[in-house]
Amino acid sequence: MRTLFTLLLLIQLNFGFGQSKFDASAVAKFQKELNAEYADAKTSPLTAEDLAEFKTLDFYPIAEKFFVTAKFVRTKKEKPFEMKTSTERKPMYVKYGELFFTIDGLDFKLNVYKNIELSKKKGYEDHLFLPFSDLTCGTESYLGGKYIDLKIPKGNTIAIDFNISYNPYCAYNHKYSCPIVPLENDLNIEIKAGVKKFHD
């Protein structure tokens, strides 16, 4: 059974990990390639029934306001923990840092994590995992929140483009095991960016 690792691999190979400044064309490319992956039976997480009728994912309009440059604070001496998932699987993660940013004049903070096993694989040594939920979750967006893939920054800032946030595979097919967004990463704002929910 494929796991979240498959999605992470596709994301890295095809979409990259964001950019240093807002680029609408990069977001459009992300959307096009994500649709292509989901339309291909070899890489799609969709059920056979949904794949047969699939045309496109539903995206929010690309919006520059949801591209932010966050202050990155490295958290040290964090203990690894078992992250809850949609199944009994409990992968080991460690909190790697805190991200501070502003949207619409409001200040927010998200924790960013490192998957311990994934970081041991070649090409993923600097991979960071940013799961989040917001006030659209359960209405316009997937109830379980969304993910963004990042790389360890070289300085004390990091770009977060919510326009390239994507749903966990569990949003499409219950056979997958997906990390559950930690409560501390629930944002008290509507992030109208990225992929919308797939089913009502």
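# Rings, sulfurs and a buried serine: worked exercises

Let's start with Ser177: at a relative accessible area of 2%, this serine is buried. Keep in mind that you're looking at a predicted model.

**Exercise 1. Find out where Ser177 sits and which side chains make polar contacts with Ser177.**

*Solution.* Step one is the place: Ser177 belongs to the segment after β7. Step two is the partners. The side chain of Ser177 has a polar contact of 2.7 Å with the side chain of Arg89. Another polar contact, at 3.4 Å, ties Ser177 to the side chain of Thr85. Both count, because the cut-off for such a pair of N or O atoms is 3.5 Å.

**Exercise 2. Work out which cysteines are joined by a disulfide, and why Cys137 has no such bond.**

*Solution.* A quick reminder first: a disulfide is a covalent bond between the sulfur atoms of two cysteines. Now count: the structure holds one. Its two ends are Cys170 and Cys178, with 2.3 Å from S to S. That passes, because the cut-off is 2.5 Å. Next, look at the twist: the angle about the S-S bond is 105°, and the link of Cys170 and Cys178 is right-handed. Cys170 and Cys178 are both buried.

What about Cys137? The closest cysteine sulfur belongs to Cys178, but it's 14 Å away from the sulfur of Cys137, so that's too far for a bond. Cys137 is buried too, at 16% relative accessibility.

**Exercise 3. Classify the ring pair of Phe22 and Phe67, then say whether each residue is buried or partly exposed.**

*Solution.* Searching the whole structure turns up 13 aromatic pairs. In one of them, Phe22 and Phe67 have ring centres 6.2 Å apart and planes at 65°, which makes the pair edge-to-face. The partners come from distant parts of the chain, 45 residues apart: Phe22 is in the loop between α1 (4-15) and α2 (24-39), while Phe67 is in strand β1 (residues 67-74). For burial, the line is drawn at 20% relative accessible area. Phe22 comes in at 22%, so Phe22 counts as partly exposed. Phe67 has 12%, so Phe67 counts as buried.

Now try Tyr38 and Tyr172. Their ring centres are 5.0 Å apart and their planes meet at 75°, so this pair is edge-to-face. This pair also links distant parts of the chain, with Tyr38 in helix α2 and Tyr172 in the segment after β7 (157-161), 134 residues apart. Tyr38 is buried at 1%, and Tyr172 is buried at 4%.

Finally, follow the rings outward: ring pairs tie Tyr38 and Tyr172 into a cluster with Tyr169, Tyr176 and Phe198.

**Exercise 4. Identify the charged residues that lie over the face of Tyr96.**

*Solution.* Take Arg74 first: Arg74 lies over the ring face, 3.7 Å from the ring centre of Tyr96. Then comes Lys114, which lies over the face of Tyr96 at 5.6 Å from the ring centre. The distance limit is 6 Å, so both values fit.

**Exercise 5. Describe how strand β6 is covered and how it pairs with β5.**

*Solution.* Begin with cover: β6 (residues 146-151) is mostly covered, with five of its six residues buried. Then look sideways, where β5 (residues 127-132) pairs with β6 in the antiparallel sense over six bridges. To pick out a bridge, go to Pro131 and find its partner in β6, Tyr147.

Methods
Residues numbered from 1 in each chain as written. Predicted model: local features only at pLDDT ≥ 70, side-chain atom pairs only at ≥ 80, totals over all residues. Heavy atoms only, no water. Phe/Tyr/Trp six-rings, centres within 6.5 Å; stacked < 30°, edge-to-face > 60°. Helix = DSSP H or I, 4+ residues; strand = E, 2+ residues; numbered from the N terminus. Buried < 20%, exposed > 50% of the residue type's maximum accessible area, 1.4 Å probe, protein only. Lys NZ or Arg CZ within 6 Å of the ring centre and 35° of its normal. Polar contact = N/O pair within 3.5 Å; in protein donor to acceptor, adjacent residues only side chain to side chain. Pairing = 2+ DSSP bridges.
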